[in-house]
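Thanks for coming. I will go through the ligand site first and then two loop residues. Please have the structure open.

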Amino acid sequence: MLSEQQLRFFETNGYLAVEQLLTLAEVEEYRQVYDDFLTEKINTEGHRSDLSGLGVGKELITQIMRPSVLLPELAESSLHQKATALVKQLLGEDMEMDFDMLIDKAPQTNTPTPWHQDEAYWIDMPDKRAASCWIALDVSKRENGCMWFVPGSNHQPLRPHTQTGKGGALQCESNENEAVAIELQPGGCTFHQGRTIHYSRGNSSDSHRRAFIINFRPKAMIAYERQRGFDHLGKREVRQ
Ligand SMILES: O=C(O)CCC(=O)C(=O)O
């Protein structure tokens, strides 16, 4: 259960850190499933790409979209249930999972996720309430790519975005001077809104930085997207 103070903080700043969403036993279970995706024990064809868009021969930022389509029991598991319960408090009872994704930064890949607002990836929707829950399965710190957020950017207009590399991540202008870094222990998470500017540094450590991410929006807006053929499995592009 979130406090009034946490709800206000999220509304004002566009992000919120929650120290412990998952128990360490749960973290261990999710790490195993996560590694089954990374090692292709679970086939990720059509769902996997390199967010860097650099095409250097090895993945620099591995993104696997909608793992719960590939392994449906995930959608009912504790991570999804716990994140859903909190997001309903943050943005309303009509919030549901739109999509989930895994973003892994392998050791010494040193590739930042560029500054962006998630909204730029999506079609324009009449109800803009949206939040992502970013769950750390490893210690997440500056050196391996913890999340950075620009406080209050959720109340600013969408900045112009361009695409990096060949079909890579979207980017906008920002920098660390206007942002705060949120370091997390395994099982901790952050929530951020669709318009909150965020980024992560590259992973310059010797171990993986595994994040499990769930994006939520109103049920009616998920229907709105699907009616227009938008299911978060297509190619990345600037849509706004
Ligand atoms: O994990 C990352 O490096 C970036 C995550 C992100 O941009 C997001 O969850 O919206």
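**The ligand site and two loop residues**

Strand 4 gives the most to the shell around the ligand, with three residues. Strands here are DSSP runs of E, at least two residues long, and they are numbered from the N terminus. Before I go on, this is a predicted model, where local features need pLDDT of at least 70, side-chain atom pairs count only at pLDDT 80 or more, and totals for chains, interfaces and linings use all residues. Residues are numbered from 1 along each chain as its sequence is written, and side-chain values use heavy atoms, with hydrogens and water left out.

Back to the ligand. Which elements give two or more residues to its shell? They are strand 4 (95-105), strand 5 (113-116), strand 12 (198-200) and strand 13 (209-218). By class, the shell holds five nonpolar, five polar and three charged residues. In that count, Ala, Val, Leu, Ile, Met, Phe, Trp, Tyr, Cys and Pro are nonpolar, Asp, Glu, Lys and Arg are charged, and the others, Gly among them, are polar.

There are 13 residues around the ligand, and those that come nearest are Thr-113, Trp-134, His-198, Ser-200 and Arg-209. A residue is near if one of its heavy atoms lies within 4 Å of the molecule.

Now the polar contacts, meaning pairs of N or O atoms within 3.5 Å; within protein, one must be able to donate a hydrogen and the other to accept it, and residues adjacent in sequence count only if both atoms are side-chain atoms. The side chain of Thr-113 has an N or O atom 2.7 Å from an oxygen atom of the ligand. For Ser-200, a polar side-chain atom also lies 2.7 Å from a ligand oxygen. With the side chain of His-192, the distance from an N or O atom to a ligand oxygen is 3.3 Å. On its own the ligand has 290 Å² of accessible area, and the protein covers 98% of that (Shrake-Rupley method, 1.4 Å probe).

Next, the loops. Asn-144 is in the loop between strand 6 (131-136) and strand 7 (147-149). Is Asn-144 buried or exposed? Asn-144 counts as buried because its relative accessibility is 2%, and buried means under 20%, with a 1.4 Å probe and protein chains only. Its side chain reaches the backbone oxygen of Val-139 at 2.8 Å, and a polar atom of that side chain lies 2.8 Å from the backbone nitrogen of Lys-141.

Ser-205 is in the loop between strand 12 and strand 13. At 14% relative accessibility, Ser-205 counts as buried. Its side chain makes a polar contact with the side chain of Asn-203, at 2.7 Å.

How values were computed. Helices (H or I, at least four residues) and strands (E, at least two) are DSSP runs, numbered from the N terminus. Buried means under 20% relative accessible area, exposed over 50%, partly exposed in between (1.4 Å probe, protein chains only).
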